Amino acid sequence: DIDKKMVREIIKVSWEEFEKLTEILIKKIEGKKFDYLLCIGSGGLILGKIISDRTSTPMSVILAESYKKGEQENLSKVHLSKIASVNKIYGKILIVDDLADSGNTLKKVLEIVYEEKEITSKKIAVIFAKPWSIIKPDFFAEKTKNWIIFPYEKKEFKEIL
């Protein structure tokens with residue numbers, strides 16, 4: 001088993017790399033029909049917007065916080081908002097986030113989703129999947145053990161950069 005405390009390489013993803021990885025992910029979900037995207041904010045917002053635009057699937061949002069800004073250590077508890085959507089979400093949904101690290105955020109989001117009786121099925125899509133995540137995404141662009149800094153996180157992680 002992988003020691004999660006081990007020092008990992010820090011990977012800075014450029015906008016160009018982010019777009020390439022997004023294309024890989026979109027190709028993997030191509031042909032699958034979803035009634036709604038449930039984007040986990042803040043990490044899944046940009047990815048969700050791109051997927052929504054490409055697939056013409058309406059977006060909804062749930063805000064989650066499991067890291068302190070600029071720190072690698074995760075919080076002991078995941079904090080979630082309610083699902084925000086113009087219309088009540090239903091049917092087949094695709095949960096979107098930038099990465100599945102510990103999996104704690106995805107687990108908490110799934111608990112909320114299970115309470116929504118109108119949701120008939122759910123799948124998860126992320127750019128990066130960590131091998132130790134307790135929730136395994138259905139779709140991912142790449143597996144990694146590294147600490148990832150996305151192009152929209154430069155200010156948040158200026159201490160690390």
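**Aromatic pairs**

In this predicted model, the count of aromatic pairs comes to 7. Select tryptophan 15 and phenylalanine 18 to see one of them: the two rings are edge-to-face, with 5.9 Å from centre to centre and 85° between the planes. Both residues belong to helix 1 (residues 15–29), where they are 3 residues apart, about one turn of the helix. Tryptophan 15 counts as partly exposed because its relative accessibility is 43%. Phenylalanine 18, by contrast, has a relative accessibility of 1% and therefore counts as buried.

Next, select phenylalanine 150 and tyrosine 152. These rings form a stacked pair, 5.4 Å from centre to centre with 5° between the planes. Phenylalanine 150 has a relative accessible area of 0%, so it is buried; tyrosine 152, at 22% relative accessibility, counts as partly exposed. Adding Phe128 to the selection completes one aromatic cluster, formed by Trp15, Phe18, Phe128, Phe150 and Tyr152.

One further ring deserves a stop. Display phenylalanine 140 together with lysine 28: the lysine lies over the face of the ring, at 4.9 Å from the ring centre.

**Strands 5, 6 and 7**

Now switch to a cartoon view and colour strand 5 (residues 91–100) and strand 6, which pair in the parallel sense over 9 bridges. To locate one position in this pairing, select aspartate 97, whose bridge partner in strand 6 is valine 126. Follow the chain from strand 5 through helix 3 to strand 6; this β-α-β crossover is right-handed.

On strand 6, select alanine 125 and look for its bridge partner in strand 7, phenylalanine 139. Strand 6 and strand 7 run parallel and are joined by 4 bridges.

**Leucine 110 on helix 3**

Return to helix 3 (residues 104–115) and select leucine 110, which lies within it. What is the relative accessible area of leucine 110, and is the residue buried or exposed? The value is 10%, and under 20% is the range for a buried residue, so leucine 110 is buried. Leaving aside neighbours within four places in sequence, its contacts are Ile95, Lys122, Ile124 and Ile135. For isoleucine 124, draw a distance between C-alpha atoms: leucine 110 and isoleucine 124 are 14 residues apart along the chain, and these atoms are separated by 9.6 Å.

**Lysine 130**

Move to the loop between strand 6 (119–129) and strand 7 (139–143), where lysine 130 is placed. Is this lysine buried or exposed? Lysine 130 counts as buried because its relative accessibility is 2%. Show what surrounds lysine 130: not counting residues up to four places away in sequence, it touches Arg8, Leu99, Ala100, Asp101, Thr144, Lys145, Asn146 and Trp147.

**The nonpolar cores**

Finally, select Leu25, Ile51, Leu94, Ile127 and Phe128, which touch the most other members of the largest nonpolar core, a set of 21 residues. Helix 1, strand 2 (36–41), helix 2 (43–55), strand 5, strand 6 and strand 7 each supply at least two residues of this core. Which element gives the most to it? Helix 1 does, with 5 residues.

Centre the view on isoleucine 51. Neighbours within four places in sequence aside, isoleucine 51 is in contact with Leu25, Ile26, Ile29, Leu37, Ser56 and Val96. Apart from the largest core lies another, of 18 residues. To end the tour there, select Ala64, Ile93, Ile95 and Ile119, which are among its members.

Terms used
Residues are numbered from 1 along each chain as its sequence is written. This is a predicted model: local features need pLDDT of at least 70, side-chain atom pairs count only at pLDDT 80 or more; totals for chains, interfaces and linings use all residues. Side-chain values use heavy atoms; hydrogens and water are left out. Buried means under 20% relative accessible area, exposed over 50%, partly exposed in between (1.4 Å probe, protein chains only). Contact means heavy atoms within 4.5 Å. Rings of Phe, Tyr and Trp (its six-membered ring) pair if their centres lie within 6.5 Å; planes under 30 degrees apart count as stacked, over 60 as edge-to-face and the rest as tilted. A charge sits over a ring if NZ of Lys or CZ of Arg is within 6 Å of the ring centre and within 35 degrees of the ring normal. Two strands pair if DSSP finds at least two bridges between them. A crossover is right-handed if, with the strands pointing away from the viewer, the path from the first strand over the helix to the second runs clockwise. A nonpolar core is a set of buried Ala, Val, Leu, Ile, Met, Phe, Trp, Tyr and Cys residues joined through side-chain atoms within 4.5 Å.
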